[in-house]
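Please look over the sequence and the structure shown below before reading on. The paragraphs that follow lead through them step by step.

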Amino acid sequence: MSANILEVRIYTDNDTIQTGSHYIVMKDKNVLPGLKQLKSTSGGILVVDYIEPSGFNAGRRISVIGKMDTYTSYANYNKYSKIDLELSRVYSILNRESDSLQLRLVDSNNRTVVSSGEFSETDLSP
């Protein structure tokens, strides 16, 4: 996996599979952050920032979530992917060019999620 990616998970409402480390059965619709906003987007991809309260890598997250609806023959169940970005790498990329330009990562509501110069790697403690 790329050094820029912390974790990849697949979420589904297919209750015939078992929840594991990378596959999550969504019995509770709130288990996937940003699901409500994702359903209202036309593009099917959303960037969300949130605090992960528990788990192996608890703390602040920036995630890209997307609908997995490309193949209609497999559309019996809703499926979503969630890719958690490695925050220290995101900050490093944004701050690399901070002398010459200001970079911002924005969400679907045009709110700044993170911008260059905003954080350093020492600010990443949960």
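How much space lies in the second largest pocket? In this model, which is predicted rather than determined by experiment, the second largest pocket holds about 230 Å³ of space. Its lining is made up of 17 residues, and those that lie nearest the centre of the pocket are Arg-9, Tyr-11, Val-31, Glu-52 and Ser-54. When the residues of this lining are sorted by class, eight are nonpolar, four are polar and five are charged. Strand 1 and strand 3 each supply at least two residues of the lining, and with these two strands we can turn from the pocket to the sheet.

The sheet is an open one of five strands, arranged in the order 2-1-5-4-3, and its pairing is mixed. At the edges stand strand 2, covering residues 23-25, and strand 3, covering residues 45-52, each of which pairs on one side only. From one strand to the next, the twist averages 30°. As a general point, the strands of a sheet pair through backbone hydrogen bonds, and they may do so in a parallel or an antiparallel way.

Which residues stand opposite each other where strand 1 meets strand 5? Strand 1, residues 5-12, and strand 5, residues 79-85, are paired in the antiparallel sense over seven bridges. Within this pairing, Val-8 has Ile-83 of strand 5 as its bridge partner, while Tyr-11, already met as one of the residues nearest the centre of the second largest pocket, stands opposite Tyr-80 in strand 5.

Strand 5 also pairs with strand 4, and here the two strands run antiparallel and are joined by five bridges. An example of a facing pair is Gly-66, whose bridge partner in strand 5 is Ser-81. Helix 2, residues 87-96, packs on the sheet and touches both strand 4, residues 59-67, and strand 5, with the direction of the helix making about 90° with that of strand 4.

It remains to ask how confident the predictor is in what has been described. The average pLDDT of the protein is 82, and 90% of the residues score at least 70. Over residues 120-126, however, the pLDDT is below 50, and this stretch has eight contacts in the model beyond near neighbours in sequence.

Notes:
Residues are numbered from 1 along each chain as its sequence is written. This is a predicted model: local features need pLDDT of at least 70, side-chain atom pairs count only at pLDDT 80 or more; totals for chains, interfaces and linings use all residues. Side-chain values use heavy atoms; hydrogens and water are left out. Two strands pair if DSSP finds at least two bridges between them. Helices (H or I, at least four residues) and strands (E, at least two) are DSSP runs, numbered from the N terminus. Axes are lines fitted to C-alpha atoms, for helices over the stretch in contact, and angles run from 0 to 180 degrees between N-to-C directions. Contact means heavy atoms within 4.5 Å. On a 1 Å grid over the protein atoms alone, a cavity is a set of points where a 1.4 Å probe fits but cannot get out, and a pocket is an open set with protein on both sides within 12 Å along at least five of seven lines; lining residues have an atom within 4 Å of a point. Grid points are joined across faces, edges and corners, and a volume is the space filled by probe spheres set on the points. Ala, Val, Leu, Ile, Met, Phe, Trp, Tyr, Cys and Pro count as nonpolar, Asp, Glu, Lys and Arg as charged, and the others, Gly among them, as polar. pLDDT is the predictor's confidence in each residue, from 0 to 100.
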